[in-house]
Amino acid sequence: MRMVEDHLPLQAETIRSFVADACGGDREIVLQMVDFFLHSAQNLHGEMESGLAAEDFPATRRAAHSLKSSSRMFSAENLATLCAETERLAGQQQADAIALLLPRIRSELNWLTNELPTFCAEMLS
């Protein structure tokens with residue numbers, strides 16, 4: 001797995017192709033989608049945590065898979081990489097390794113919560 005140290009820059013072209021174009025470039029709808037994504041991402045992270053605590057590896061894997069996919073639509077490649085690794089480890093029932101990744105996923109989510117809404121608003125100005 002590629003080590004995720006620094007935050008990769010968000011890519012306007014990726015966000016435009018997956019999100020903005022689907023919304024007809026409507027700034028308000030895009031920003032609502034960003035809010036929905038960030039809220040859902042927090043919930044999925046919580047599902048990974050609770051799945052891990054209950055040793056429910058299929059639930060952990062599903063949450064990681066869902067967050068991985070939606071992260072890519074918003075150009076959150078670090079988050080997608082961490083979720084892909086969590087998904088793989090959940091398939092192997094590697095609880096200790098997953099436990100090490102969850103704080104890194106939380107950190108990435110915190111960064112996105114601060115950066116993504118402003119980035120998208122500026123991108124659509």
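Here are three short exercises on helix α4 of this predicted model, each with a worked solution.

**Exercise 1.** Work out what span the 15 residues of helix α4 should have, and check it against the end C-alpha atoms.

*Solution.* Start with the stretch: α4 covers residues 77–91. Next, take 1.5 Å times one less than the number of residues, so the expected span is 21 Å. Now look at the model: the end C-alpha atoms are 21 Å apart, which agrees. Just past the helix you'll meet Q93, whose phi is positive, near 55 degrees.

**Exercise 2.** Find out how many residues of α4 are buried, and what covers them.

*Solution.* Count those under 20% relative accessible area. You get 11 of 15, so α4 is mostly covered. Among them are L79, L82 and L89. Then see what sits over the buried residues: the cover includes α2 (27–53), α3 (57–73) and α5 (95–123).

**Exercise 3.** Say which residues E87 and E85 pair with in salt bridges, and whether each partner is buried or partly exposed.

*Solution.* Take E87 to begin with: its salt bridge is with K68, and the closest N and O atoms are 2.8 Å apart. That pair links distant parts of the chain, since K68 belongs to helix α3 and E87 to helix α4, 19 residues apart. E87 has 12% relative accessibility, so it counts as buried, and K68 is buried too, at 14%.

Now E85: its side chain meets that of R88 at 2.5 Å, N to O. Both lie in α4, 3 residues apart, about one turn of the helix. E85 is buried at 14%, whereas R88 is partly exposed at 40%.

Key:
Residues are numbered from 1 along each chain as its sequence is written. This is a predicted model: local features need pLDDT of at least 70, side-chain atom pairs count only at pLDDT 80 or more; totals for chains, interfaces and linings use all residues. Side-chain values use heavy atoms; hydrogens and water are left out. Helices (H or I, at least four residues) and strands (E, at least two) are DSSP runs, numbered from the N terminus. Buried means under 20% relative accessible area, exposed over 50%, partly exposed in between (1.4 Å probe, protein chains only). Contact means heavy atoms within 4.5 Å. A salt bridge is a side-chain nitrogen of Lys or Arg within 4 Å of a carboxyl oxygen of Asp or Glu.
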